[in-house]
Amino acid sequence: MKSGILGGLFLASMALRAFAADPSIFTWKTGVFEVNMLVETRSAGRPTILLGTTPAQIAQYFPDGTYQSEVNTFLVRGNGHTVVVDTGFGGAIFENMKQLGVKPEDVDAVLITHMHGDHIGGLQKDGKPLFPKARVYLAKQERDYWVDTAANAGARSALAPYGAKVETFLPGSISGGAEILPGIRAAAAFGHTPGHTVFLLESNGEKLLIWGDLMHVQGIQFPLPDTSVSYDTDPIAAAASRRQILDYAAKNKVPIAGMHLVYPAIGQVESAGAGYRFVPAK
Ligand SMILES: [Zn+2]
């Protein structure tokens, strides 16, 4: 019994060490866009956040009882814009940008997938904008829910320093959708939050879908995409959005990028049985 527990801990710590050794920046090209995936944090979580899973599924997909996760942000440069997609907690993002020679004042647009703290934490500090030259873009449904309906203090203070530079939009469908900036469209993927949005880059016939929090636990949500998590405001709608976007990405061979996928956090989705599998980019 005792050696079993120690053995399990040893395996978990080995896995964590390999995971922690991954670099903190991964670079990808989509036509004229250079995309940098920036790792904000890495952690091991317990699959207790999953909804509706059986003990047998937990044992199958999480043999050591944990899953690895990241908080990521994305820097996108091209078509005359320097764009940040989500801001993480406002920690490593700035060091990672510095390594790439990008200053916060170089960023002219911040796109927000949704208003959870691990996505808007880098917008402001002490009431001052951390991206002083940027306009902030987010879905009207998302702003209205967190700022007005929920009267969430964190959401209000994140946007307040940007004043009239906050631009809201109505996300479209994954195959249509509103163009926010040249070559960047916004599509609705509601469910995780009321206005959760994904951003589709398109340039020279290439695409990349930055899908925010469409998925939190990749080890089980690719093969069993109907599995939602306790963080989802509407777990049923979140699962429907996940199914729809996984189907789109697999059928159209559109690479995807996620805020909680592990390094490189960019790759291809393929159909596999009743679900999907992820093929990380190299
Ligand atoms: Zn998140």
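This is a guided tour of a predicted model, with suggestions on what to select at each stop.

**The zinc site**

Begin by selecting the zinc ion together with Asp118, His119, Asp213 and His260, which coordinate the ion at 2.1 to 2.4 Å, the aspartates through OD atoms and the histidines through NE2. If you display the angles among the 4 donor atoms, you will find that they run from 87 to 175° and that the site is irregular; the site does not count as tetrahedral because that label requires all angles to lie between 85 and 135 degrees. Along the sequence, the donor residues follow the spacing D-H-x93-D-x46-H. Asp118 and His260 link distant parts of the chain, being 142 residues apart, with Asp118 in helix 4 (residues 117-120) and His260 in the loop between strand 14 (256-257) and strand 15 (266-272). Both Asp118 and His260 are buried.

**His119 and its surroundings**

Next select His119, which also lies in helix 4 and counts as buried because its relative accessibility is 0%, under the 20% cut-off. Show its side chain with that of Asp86, and a polar contact of 2.6 Å appears between the two; a further polar contact, of 3.0 Å, joins the side chain of His119 to that of Asp213, itself one of the residues coordinating the zinc ion. Once neighbours within four places in sequence are set aside, the residues in contact with His119 include Thr87, Gly88, Ile112, Thr113, His114, Met259 and His260.

**Ala158 in helix 6**

Move now to helix 6 (residues 153-159) and pick out Ala158, which counts as buried because its relative accessibility is 3%. Beyond its neighbours within four places in sequence, Ala158 is in contact with Ile120, Leu123 and Gln124. A distance drawn between the C-alpha atoms of Ala158 and Gly122, which are 36 residues apart along the chain, should read 8.2 Å.

**The open sheet and helix 8**

Finally, select strands 10 to 16, which form an open sheet of 7 strands in the order 10-11-12-13-14-15-16, with mixed pairing. Its edges are strand 10 (178-181) and strand 16 (275-280), each of which pairs on one side only. Strand 16 pairs with strand 15 in the antiparallel sense over 6 bridges, and within strand 16 you can locate Phe278 as the bridge partner of Val269. To complete the view, add helix 8 (residues 235-252), which lies across strand 12 (197-203), strand 13 (206-210), strand 14, strand 15 and strand 16, and which runs at about 100° to strand 15.

Terms used. Residues numbered from 1 in each chain as written. Predicted model: local features only at pLDDT ≥ 70, side-chain atom pairs only at ≥ 80, totals over all residues. Heavy atoms only, no water. Donors = N, O, S within 2.8 Å, 3.2 Å for Na, K, Ca; no water. Tetrahedral: all angles 85-135°; square planar, octahedral: opposite > 155°, others 65-115°. Helix = DSSP H or I, 4+ residues; strand = E, 2+ residues; numbered from the N terminus. Buried < 20%, exposed > 50% of the residue type's maximum accessible area, 1.4 Å probe, protein only. Contact = heavy atoms within 4.5 Å. Pairing = 2+ DSSP bridges. Axes fitted to C-alpha atoms, helices over the stretch in contact; angles between N-to-C directions. Polar contact = N/O pair within 3.5 Å; in protein donor to acceptor, adjacent residues only side chain to side chain.
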